[in-house]
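I opened this notebook page to record which charged side chains I looked up and what surrounds them. The entries follow the structure shown here.

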Amino acid sequence: MKKIAVAGTGYVGLVAGVCFAEVGHDVTCVDVDEKKVKLMESGTSPIYEEGLEELMKKNNATGRLRYTTDYRAAYCQADVIFIGVGTPELPNGDANLSYIATVCRQIAESVEKDCLVVVKSTVPIGTNDKVEQFIRDFLVRDVKIEVASNPEFLAQGTAVRDTLHAARIIIGTQSKEAEQLLREVYEPFGLPIVAVKRRSAEMIKYACNDFLALKISYMNDIANLCELVGADIEDVAKGMSYDERIGSRFLNAGIGFGGSCFPKDTKALKYLAKQYGYELRTIEACVEVNTRQKTRLFEKAKSRMITFQDLKVAVLGLTFKAGTDDLREAPSSENIKLLLEQGAHIYAYDPVGVPRAKLEFPEGKLGRGEIHYVTTIEEALKEAAICFIFTEWQDIKELPAAEFKNKMRIPLVYDGRNLYDIEKMKEEEIEYYSIGR
Ligand code: UGA
C-alpha cells in the first residue's frame, strides 16, 4: 500500500482521498482551511455527496485517512501526491491555474524523497509539462519528481460510486516507472486501466466532457425543432437510444447544462483551440445552444404574460441537477436574475440548495423584485401565478399534477425538466409548457 497525499478537498480531491483510504492506502488530505479540516476530522463532509460521510467516518477510525493544513508534513514522505484543486474559469474562458501553481511550489519546498505528482484537476492540454518543469525549478532538495495526468470522471451526486466503480482509469505518464507506480495505486480497485502519454490523458478528459455537453446541446437543439414540427423529444430520444452507437444516456433535453464542469470545460477547450489558431466549431455551437437554452422557458413565459411585476412566481429546484447542493452555472440562477429584473416575487423551493442560493440572492427585496425561500413545494405554489421547474428532484417529480391546479392562482407551469405527462396535465386543465414536446 502507498503513502498518498491529496491536495484539495473539493469534489475531486476529497472523494479520491477517501476512496484511496477505503481500498487500503495511507492517505493525508491537505486543505488550507483549518475549519474544514476540523470538520472532516469529525467525520463531517464539507460537500453534500451520497455515501461520502459513511466512508469518511469508517476510514478516519482506521487511522488510514487523515486531514491537515500542514502541507509540509503531508508531502515530505509521500510516495504519490495527487493534486485535486480547482481550475475555475477566467473571464476569457481559459482555466485559472493559480491554485495548481501554489500547490506545486509547496510540493517543491516540501518533498524529501523521490515522488510522483499526479494531476487530477482538469487542466488544459500541455499543463502537466509546465507543472513538472515548475516543480523541478523550485525544488529545494536533490530528489526526482515526475508528473502524471490522471483525470477524474466522477459526476456530482454519484461521486463515490463513480470513483469506486469507474468505467476506466486513465493514466497519462512519460515513463514506465511512473505508469507502474500509478498502476499499483489503482490495482486494488480492480478497474480497467488505459495507459497513454500525458497530453493524451489531458485531452481525453476534455474530449469526454465536451462530447457529453455536445450531446446535450444536440438534444436541446433537436427538442426545439420538435416543438416547431410537432414531434415529441421524449419519443425521439427513446427511439434513438436503441442504437448502441448512440447510447441511451445523456439524451435528456431540458433547460441546458450547468455545473462546475461542462460550462467551464467547453469554454476552456474552445479557448485552447483558438490559441493554436484552430476554430473548434462543434464546441462553439454547443456553448451557444446552451446559452440560448437556459432562458428559453423564461422567454416563452414573457411572451405569454403582460408583466411579472409583483406576481408570485414559484421556482421549484435551484441546483444545477438533482443530488447536489451545487449552484454553479445552474440555469435557475440566470432565470431568477431575469425574473427579479422584471419585478417578480419569487418563492423558491429546493431540498438542499437554499443555503448556497442565499449567498447569491439574499432573501428579501432585490432590485425591482423579491425572493423568498420556502421549505415546502406547497408554500411555493400557494396562490402563485406561474411556476418554473429547474431541477429534477425526486419530490418535485412525485408531486401529483393536481397540486398545481389546487394550489396556484393560475395553473401555469414551465417545466425545464420534462417531469410531467402532457396528457395528464391537459386532463387537470393545467397550462403546461415543457421542452421539445
Ligand atoms: C460531469 C461529467 O458527467 C463527469 O463525468 C465529469 O467527471 C464531471 O462533469 C467533471 O468534469 O468533474 P457533473 O457536472 O457533476 O459531471 O454532472 P452531469 O450529471 O454530467 O450533469 C451536467 C449537466 O448536464 C447538468 O446540468 C445536467 O442537468 C445536464 N444534463 C445531463 C442534461 O441536461 N441532460 C442529460 O441528459 C444529462
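I began with the side chain of Lys 312, a polar atom of which lies 2.7 Å from the backbone oxygen of Lys 382. The same side chain reaches the backbone oxygen of Glu 379 at 2.9 Å. I count a polar contact as a pair of N or O atoms within 3.5 Å; within protein, one must be able to donate a hydrogen and the other to accept it, and residues adjacent in sequence count only if both atoms are side-chain atoms.

The model is predicted: local features need pLDDT of at least 70, side-chain atom pairs count only at pLDDT 80 or more, and totals for chains, interfaces and linings use all residues. Residues are numbered from 1 along each chain as its sequence is written, and side-chain values use heavy atoms, with hydrogens and water left out.

I next asked whether Lys 312 is buried or exposed. Lys 312 is buried (under 20% relative accessible area, with exposed over 50% and partly exposed in between; 1.4 Å probe, protein chains only). Lys 312 has no salt bridge, a term I use for a side-chain nitrogen of Lys or Arg within 4 Å of a carboxyl oxygen of Asp or Glu. The nearest side chain of opposite charge, Glu 379, is 8.0 Å away.

I then noted that the structure holds 35 salt bridges. One of them joins Lys 264 to Asp 265, with the closest N and O atoms 3.0 Å apart. Lys 264 counts as buried at 14% relative accessibility, and Asp 265 counts as buried at 1%.

Finally, I found Arg 409 in a salt bridge with Glu 383, the closest N and O atoms being 3.0 Å apart. This pair links distant parts of the chain, 26 residues apart.

How values were computed: Lys, Arg positive; Asp, Glu negative; His and termini not counted. Helix = DSSP H or I, 4+ residues; strand = E, 2+ residues; numbered from the N terminus.
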